Amino acid sequence: GFADVVPPFYRFEKRHAKSRGGDLQMQIRHDFEGGSRLSAAAYYDVVARRITMEEESHTANISLQHELEVASFLDVVYGVEYRYWTTHQEDPTGSLFFDPNDDDFHLGDAFVQFEMPFFDERLKLIGGTKLGGNSWTGFQYQPSGRIVFSPVPGHTVWAAISRAVRIPTYTDRDLTGQLTGVTLFGDRDSRSEELLSYELGYRFYTLDWITAEVSVFWSEYEDLVSLVLTNPFPTEFKFENAGQASVRGGEIEISVLPVSWLRLTGSYSFLDQYERLPSTAFPGASLEKSDPRHQFVIRSLFDLPHDFEFDAALYYVDGLEGITPVLRSDNVREYFRLDLRLGWKPLPWLEFALVGQNVTDPRHAEFNDIQGNQSTQVPRSGYAKVTLDF
């Protein structure tokens with residue numbers, strides 16, 4: 001029954017993974033007399049891989065954007081986009097499949113954004129919306145608004161409110177899977193997840209050698225997709241829009257240039273998550289406490305003699321109380337990470353670099369594999385890089 005379903009569910013198999021694919025991209029931009037700009041972009045992407053499942057997917061996308069100054073007090077950007085995606089999925093083991101295993105997705109939308117400056121550009125109003133639809137969830141609207149206020153040079157305060165959606169994935173809609181004693185079903189009636197976000201920030205840059213910025217946000221999520229128990233005997237779960245979540249946080253960053261050949265940057269971020277799921281949700285399905293609550297990074301960038309550069313970055317990431325990787329008895333723990341880079345630019349178009357990553361730690365876990373496989377740990381690593389600009 002439902003009470004006996006306690007993750008994690010382990011089934012270890014040795015498999016060979018294969019992945020191949022490619023993409024073709026094209027971008028065109030034209031500047032008109034009078035200052036307006038027209039740009040177009042298109043790409044085609046194909047992915048074929050065999051890991052847990054066999055998948056072949058194709059994506060085609062085309063977009064058009066026009067930027068223009070309607071009047072001295074009004075700048076406008078508008079555009080359109082169309083995307084087509086098709087996929088074929090198979091699981092040789094028969095324990096995980098999609099019904100149907102072939103699907104298509106069409107998306108078309110248009111957007112418009114305006115910017116209006118007032119009081120010699122000390123105050124700016126920025127607003128717009130994206131309107132469109134897709135073949136899975138129909139019509140969608142995503143408006144946003146932002147106000148930017150610079151009362152005196154070097155000080156800026158801004159606030160924003162926006163609405164966004166996440167369209168259900170192929171897995172949310174068409175998955176049928178078998179775990180140990182559990183069957184999972186997708187839902188073709190899944191709706192888009194909705195986000196309403198509020199942001200507030202302040203930036204200080206009066207002095208030439210120091211800048212500082214602080215920002216806070218509050219986001220509310222509705223109709224989050226979650227696995228919900230639909231039948232206890234046999235145990236069956238179904239993807240439903242049954243969840244809600246609140247995410248709050250903030251970030252502060254300070255950059256200092258004490259001398260012309262040295263820049264120091266420090267930042268700290270805080271994240272608080274609260275998720276509301278039904279009591280019959282799949283055990284372990286909550287994303288609460290699955291992201292680091294505290295993070296900070298300190299960077300230094302040195303310009304050395306003879307066109308050499310030496311950069312260092314120290315990261316701290318808080319532990320993940322809600323994540324326990326496969327084959328481990330504890331959660332992902334907090335860790336420090338040190339990255340180093342030595343660069344040399346003998347010519348304006350030529351650069352050499354030696355990079356070391358995670359140099360103080362042989363390896364550590366940072367996440368849990370979403371497919372329930374043994375999580376890959378991040379090892380100490382390094383590489384050499386040559387860059388040519390032409």
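Is Asp120 buried or exposed? Keep that in mind while you look at the whole chain. This is a predicted model.

**The whole chain**

Show everything as a cartoon. The chain holds one helix and 22 strands. Along the principal axes, its C-alpha atoms fill a box of roughly 70 × 50 × 40 Å. The chain has 390 residues, and 31% of them count as buried. Switch to a surface view: the accessible surface comes to about 23,800 Å², and carbon and sulfur atoms account for 58% of that. Contacts also reach across the sequence: among those between residues at least 6 apart, 54% join residues at least 24 apart.

**Two stops for the backbone angle phi**

Select Asp120, in the loop between β6 and β7 (123–134). Asp120 counts as exposed because its relative accessibility is 75%, and the cut-off for exposed is over 50%. Now check the backbone: phi at Asp120 is positive, about 60°, although the residue is not a glycine. Why stop for this? Most residues other than glycine have a negative phi.

Next, select Asp307. The loop that holds Asp307 runs between β16 (294–304) and β17 (308–317). Asp307 also is not a glycine, and its phi is positive at about 65°. With a relative accessible area of 47%, Asp307 is partly exposed.

**Two stops for cis peptide bonds**

Most peptide bonds are trans. Select Asp99 and Pro100 together: the bond from Asp99 to Pro100 is cis, with omega near 0°. Pro100 sits in the loop between β5 (96–98) and β6 (102–118).

Then move to Phe233 and Pro234. The peptide bond joining Phe233 to Pro234 is cis, with omega near -5°. Where is Pro234? Pro234 lies in the loop between β13 (210–231) and β14 (236–259).

**The second largest pocket**

Finally, select Leu107, Asp109, Asn134, Gln142 and Ile167 and show their side chains. The second largest pocket encloses about 250 Å³ of space. Its lining has 17 residues, and the five just selected are the closest to its centre.

Which strand gives the most to this lining? β7 does, with five residues. To see more of the walls, color β4 (74–90), β6, β7 and β8 (138–149), each of which supplies at least two lining residues. By type, the lining of the second largest pocket divides into six nonpolar, seven polar and four charged residues.

Terms used
Residues numbered from 1 in each chain as written. Predicted model: local features only at pLDDT ≥ 70, side-chain atom pairs only at ≥ 80, totals over all residues. Heavy atoms only, no water. Helix = DSSP H or I, 4+ residues; strand = E, 2+ residues; numbered from the N terminus. Buried < 20%, exposed > 50% of the residue type's maximum accessible area, 1.4 Å probe, protein only. 1 Å grid on protein atoms, 1.4 Å probe; cavity = no way out; pocket = protein on both sides within 12 Å on 5 of 7 lines; lining within 4 Å. Points joined across faces, edges and corners; volume = space filled by probe spheres on them. Nonpolar A, V, L, I, M, F, W, Y, C, P; charged D, E, K, R; others polar. Contact = heavy atoms within 4.5 Å. Areas by Shrake-Rupley, 256 points an atom, 1.4 Å probe, with all protein chains shown as cover.
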